[in-house]
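Colleague: I would like to learn how to read a few features of this model. Please take them in turn.

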2 protein chains.
Amino acid sequence: MNAYPSKLVERAVEQLSTLPGVGRKTALRLALHLLSRPPIDTHTFADALVEMRDGIVYCRQCYNISDTELCPICSSPQRDSSTVCVVQHVGDVMAIENTGQYRGVYHVLGGVISPIDGIGPDDLKIPELIDRVRSGSVREVILALGTTMEGDTTNFFIYRSLSGLDVRLSVIARGVAIGDEIEYADEVTLGRSILTRTDFDQSLSF
Amino acid sequence: MNAYPSKLVERAVEQLSTLPGVGRKTALRLALHLLSRPPIDTHTFADALVEMRDGIVYCRQCYNISDTELCPICSSPQRDSSTVCVVQHVGDVMAIENTGQYRGVYHVLGGVISPIDGIGPDDLKIPELIDRVRSGSVREVILALGTTMEGDTTNFFIYRSLSGLDVRLSVIARGVAIGDEIEYADEVTLGRSILTRTDFDQSLSF
């Protein structure tokens with residue numbers, strides 16, 4: 001797809017293809033779709049994106065996306081503010097919220113430590129996490145980062161930074177996913193699920 | 001994904017999920033991606049789409065998207081303006097152009113006749129096609145619409161409308177795609193490819 005009939009379309013395709021998972025062919029399809037709809041639709045579409053980007057606020061406590069200075073989770077009296085779940089991204093908060101299994105609060109790091117990309121602890125909300133724990137109201141920190149080398153490094157850095165403070169540090173369980181066949185589970189996960197097995201009578205309570 | 005952390009994100013997700021092939025989960029991923037990039041990127045992105053939608057011009061002869069009143073294909077002296085290929089959408093023009101096999105010009109209908117959707121010949125550029133042929137400079141009209149009932153209806157309508165005029169009406173070849181195994185070709189296509197077989201020595205020239 002080289003020959004775009006119009007520079008305007010070409011520019012729109014270029015911009016659309018900067019989205020993750022959108023190649024030039026899909027971008028063209030999206031551009032032609034916008035052209036097939038009334039102009040007002042494209043204005044509404046573009047306005048929604050710009051207003052989101054310009055108007056977005058991050059919660060001053062957990063750094064989750066919010067419409068207010070303190071997000072609904074942090075300000076809710078229903079939530080246990082002494083349990084803090086540490087996640088990489090805003091999307092992770094939504095994923096955990098959708099399970100309906102967690103009543104604590106969050107701390108969004110904004111990424112993980114990655115020396116190769118030049119991302120150190122101070123580029124993330126790690127100092128803020130340590131301050132939050134030091135302030136004394138946190139009893140447990142749950143690590144829920146991705147299981148990559150960077151995630152493990154970040155976990156270890158937080159573990160070291162919090163050592164000496166009176167706080168329980170836990171990490172979410174890794175194991176064979178519910179509904180998965182043992183036969184098809186990857187060996188690292190399966191091996192770990194055997195090492196970190198739980199008592200059967202304890203598993204009955206879930 | 002019900003609990004959006006922000007109304008602004010929710011509105012952006014709603015708008016993004018109006019795109020074809022984008023569900024709410026993908027839309028959320030796209031919205032979070034935009035949030036992870038500098039605000040100026042979202043402005044550039046939105047501006048490109050709005051400028052395309054507002055600035056787009058359709059060629060007054062073939063109704064293809066264009067930056068000028070007469071599109072580069074229609075205005076090119078290299079193209080054979082006596083052969084007109086009739087297509088449904090702008091994307092079809094690009095697909096045919098990318099083959100590098102066609103030296104004629106186009107006529108973009110903007111859709112096909114579909115009584116169920118209330119689309120009649122006058123909602124499309126069919127009257128314009130007939131006028132174009134009547135003007136006398138067209139020697140062949142090639143039908144390249146989709147093989148759906150609506151495409152066939154439209155083909156037949158054009159066939160009837162052009163009957164009596166001194167113009168050759170052809171339709172693109174349907175058959176087993178190059179690289180496809182005979183065994184896996186669908187039976188309608190395979191049946192038609194046998195009925196419309198070509199002389200072997202003729203096929204050698206391609």
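**Loops, sheet and helix packing**

Modeller: Start with a loop: Y63(B) sits between β1 (57–58) and β2 (65–66) of chain B. Strands here are DSSP runs of E with at least two residues, helices are runs of H or I with at least four, and both are numbered from the N terminus. The model is predicted, so local features need pLDDT of at least 70 and side-chain atom pairs count only at pLDDT 80 or more, while totals for chains, interfaces and linings use all residues. Residues are numbered from 1 along each chain as its sequence is written, chains are lettered from A and ligands numbered from 1 in the order in which they are written, and side-chain values use heavy atoms, with hydrogens and water left out.

Colleague: What is the sign of phi at Y63(B)?

Modeller: Most residues other than glycine have a negative phi. Y63(B) is not a glycine, yet its phi is positive, about 65°. Y63(B) is buried, at a relative accessible area of 19%; buried means under 20%, exposed over 50%, and partly exposed in between, with a 1.4 Å probe and protein chains only.

Colleague: Which strands form the edges of the open sheet in chain A?

Modeller: Strands pair if DSSP finds at least two bridges between them. The open sheet has four strands in the order β4-β3-β5-β6 (chain A), and the pairing is parallel. Its edge strands, each paired on one side only, are β4 (104–108) and β6 (168–171) of chain A. On average, neighbouring strands are turned by 25° against each other, direction ignored.

Colleague: How many bridges join β5 of chain A to β6(A)?

Modeller: Four, between parallel strands, with β5 spanning residues 140–143 of chain A. I142(A) has S170(A) as its bridge partner in β6(A).

Colleague: Which strands does helix α6 of chain A lie across?

Modeller: Contact means heavy atoms within 4.5 Å. Axes are lines fitted to C-alpha atoms, for helices over the stretch in contact, and angles run from 0 to 180 degrees between N-to-C directions. Helix α6 (residues 126–134) of chain A lies across β3, β4 and β5 of chain A, at about 145° to β4(A). Helix α5 (residues 90–99) of chain A lies across β3 (80–87) and β4, at about 160° to β4(A).

Colleague: At what angle do α6 and α7 of chain B pack?

Modeller: About 35°, with the axes of α6 (residues 126–134) and α7 (residues 149–162) of chain B 11 Å apart. Residues in the contact include I130(B) from α6(B) and F157(B) from α7(B).
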